[in-house]
Structures are given as structure tokens and as C-alpha cells.
Amino acid sequence: MSRVYNFSAGPATLPLEVLEQAQAEMLDWHGSGMSVMEMSHRGKDYMSIAAKAEADLRELMSIPENYKVLFLQGGASSQFAMVPINLLGEKKTADYLLTGQWSKKAVAEGKRYCDINLVADTTDSKFTTVPAESALSFSKDAAYVHYTPNETIVGVEFPYIPDTGDVPLVADMSSNILSRRIDVSKFGVIYAGAQKNIGPAGLTIVIVREDLIGNANPAMPTMMDYKTHADNDSMYNTPPTYSWYMAGLVFAWCLKQGGLEAIEKINQRKAEKLYAAIDESSFYSNPVDVNCRSWMNVPFILANADLDAAFLEQAAANGLTTLKGHRSVGGMRASIYNAMPEAGVDALIEFMREFERTKG
Ligand SMILES: *Cc1c(COP(=O)(O)O)cnc(C)c1O
């Protein structure tokens, strides 16, 4: 077997121990004589898997009791609609911070349901910065405030949590959930597609404060109502059972690493050494403001774009893959989620130095 260091932005690399455990349990989960994929979601074996996953996530993130954790399908992209459908109530406007390609999509979808007030718009900076906290002024009549704490494509991450007072704060944490400790009580809704830092694609986690459930627009489909899923422990219909199980293995792995406190330290170290290598070099550069560089997604460009293809080819030959930057940004992007070992980041840095020395 030969595994590469896979820097994909998502679906992304998973912890080797988790894959090995899944492999060992593949054909016969804990003496049940069947794979988790083949189990009824209503049987006691699967119920125990589902409950353990939720309990471990609650422990990891210290999720307060007055929050529900939903295990849904539809990706983060469905939440772009479910958030307004569930949170608008009688209100007609919502505040959005537009800081990258993902928040832009959230805004576009939100506009189908309400008037949107852009509290911040960093388009002119090509999304390489975030607004100063002091520059944010929220509307009084907004049903909620939506933002994207980590913009996966350009690699820009908020260094603060906006203070929205009594207005619920909604965060698309698809690419930075579980990367560090956060105070869940500051949020009304946190949602994340699983395929970056949680597990395989097909699962979407929604953490929602209980008082925000039960106000969905009744004209909308039953499946779009948080209450449907909250009332049925995310088993109103068949949930993405295998992805949920895999997410559970990842949550247990995170706890084994020492929880988010320990993971946060490793993530900070990984990011800092990669940015330091980029900044030290005159061949590589990263355009994002230093105070809001993402710990998870690190784009960098080569001084000579003609060398991009050679860089990617030689990196792959060295077991470092999926480094091509997003088509809208060009250059390279290394996504270094929790499951990317520090040794993978070290190997990338070493390769970058060697490439610069021989080609740069
Ligand atoms: C990947 C990503 C999405 C899209 O997630 P899907 O699950 O594919 O819908 C949305 N927001 C952010 C921040 C992402 O990184």
C-alpha cells in the first residue's frame, strides 16, 4: 500500500487510523455479521453508532444542551436555503458578510427568500481580507446574520467572531469546523458539509439553537424544516448512515488526539510553518492579509506561472497530490485539515524549497 499526502480541499484526506478501523469493521461490524452500510437505521446497532457520534461531537465542541445537532444530507449548499427558510419568521431581511466565493453563493441563494443587507463586501480586495470588527454595523430588523468564518477558496479566515447582539449569528463552518475551539453559544446556527474536516461527503452537520427551530415557512418542503429533523433525531427519513458512522469514527479520533485544544495547537503549528516557508521565499507568495490567513486552506502562487505544471507534476511524483489551486485563483492550494499529518506539511515545505532551488 502506498498512500500519498493528499492536499485536496474536499472531499479531503481522512485519518489513516479511521480508514483502517472502517476497513477492519467493513464486513462485520462488532459481531453483527453485517457492514454498517447494510444496517437498518432504526436497529439498535445503528442507533448506538448514531448516538455515540452525536455524544462525541457534543463533547468535542462543548455544545450546550439547548442546541440540537442534526445529521442531514444536501450539503452546505442546501443550508444556504434552509437558513432563510427556518430563520426568517415574520422578518423580511437578513444581514450577510460577503467575504469570498462561498458567502457569495449563500447571498445569491438567500436573495430568493428575503432582502439582503451586505454588512461587508470584500470583493474589491479579491477576497484577500476580512472586514475590521469595528467596521461592522448590523441592521436592527435583520432576522439573522450570516457569514463564512473560513473561505475555502482564497484561504481567508476570520480572526474574530462577529458580535451580533440578540440577532442570531449563522456560520458556514464547512472548512474550519473542529479545527480549533469555538464558543458555540455565540452562534444561532453552525453548519458544515462533512467532506472537509469531518468525514466522507453526503453528510451535513447542523448545530442549531432550540429556540430557532419551529418557525419554518410552512410553504416549504417538510425536509427543509429543521423541526422535522430535530423531532426525529435526524431519522425522519433514511439518513446518510455510512457517512454518519465515518464521522463518528473521526470524532472519536479527534478526542483521542486530545480534543480540539490539542488539535488547535497542531493546526496552528502546521499553518504557521507553511506560511513562514512561503513568506521567506521570493518564489512563492500568498496574497491574503496576514491577520486573516486560513489555518486550513493555504493558497500560494509561483513567481513564474509557467512552472505551475512542472511543480504539480514533480510534487505528485513526490507523493504530494491535489495541490492545484482553485480555477478562480490559479497557482496552488494546500488544504491542511485536521487529518493532514504534520509530516505531510513538512514534506510539502521540503519539496517547495527543493523546487525553488532547482527551478526557481
Ligand atoms: C465546500 C464548501 C461548501 C459547499 O459544500 P457542499 O457540501 O458541497 O454543498 C460551502 N461552504 C464552504 C465554506 C465550503 O468550504
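Reader: How many salt bridges are there between domain 1 and domain 2?

Author: Good place to start! In this predicted model, the count between domain 1 and domain 2 is one salt bridge. To read such a feature, look for a side-chain nitrogen of Lys or Arg within 4 Å of a carboxyl oxygen of Asp or Glu. Here Glu264 pairs with Arg181, and their closest N and O atoms are 3.1 Å apart.

Reader: Where does each domain lie along the chain?

Author: Domain 1 covers 16-256, and domain 2 covers 258-359. Their C-alpha centres are 27 Å apart.

Reader: How many residues of each domain are in contact with the other?

Author: Contact here means heavy atoms within 4.5 Å. By that test, 26 residues of domain 1 touch 26 residues of domain 2. Between them the two domains bury about 2,200 Å², with 54% of it on carbon and sulfur atoms. On the domain 1 side, Ile153, Arg180 and Arg181 lose the most area to domain 2, together 24% of what that side buries. Arg181 is also the salt-bridge partner of Glu264.

Reader: How many residue pairs are in polar contact between the domains?

Author: There are 17 such pairs between domain 1 and domain 2, counting those with both residues at pLDDT 80 or more.

Reader: And which element gives the most to the side of domain 1 that touches domain 2?

Author: That is α6, with four residues. Elements giving two or more residues to this side are α2 (44-61), β7 (156-157) and α6 (241-256). Sorted by class, this side of domain 1 holds eleven nonpolar, ten polar and five charged residues.

Methods. Residues numbered from 1 in each chain as written. Predicted model: local features only at pLDDT ≥ 70, side-chain atom pairs only at ≥ 80, totals over all residues. Heavy atoms only, no water. Domains from an automatic or database assignment. Buried area = accessible area lost by both parts, 1.4 Å probe. Polar contact = N/O pair within 3.5 Å; in protein donor to acceptor, adjacent residues only side chain to side chain. Nonpolar A, V, L, I, M, F, W, Y, C, P; charged D, E, K, R; others polar.
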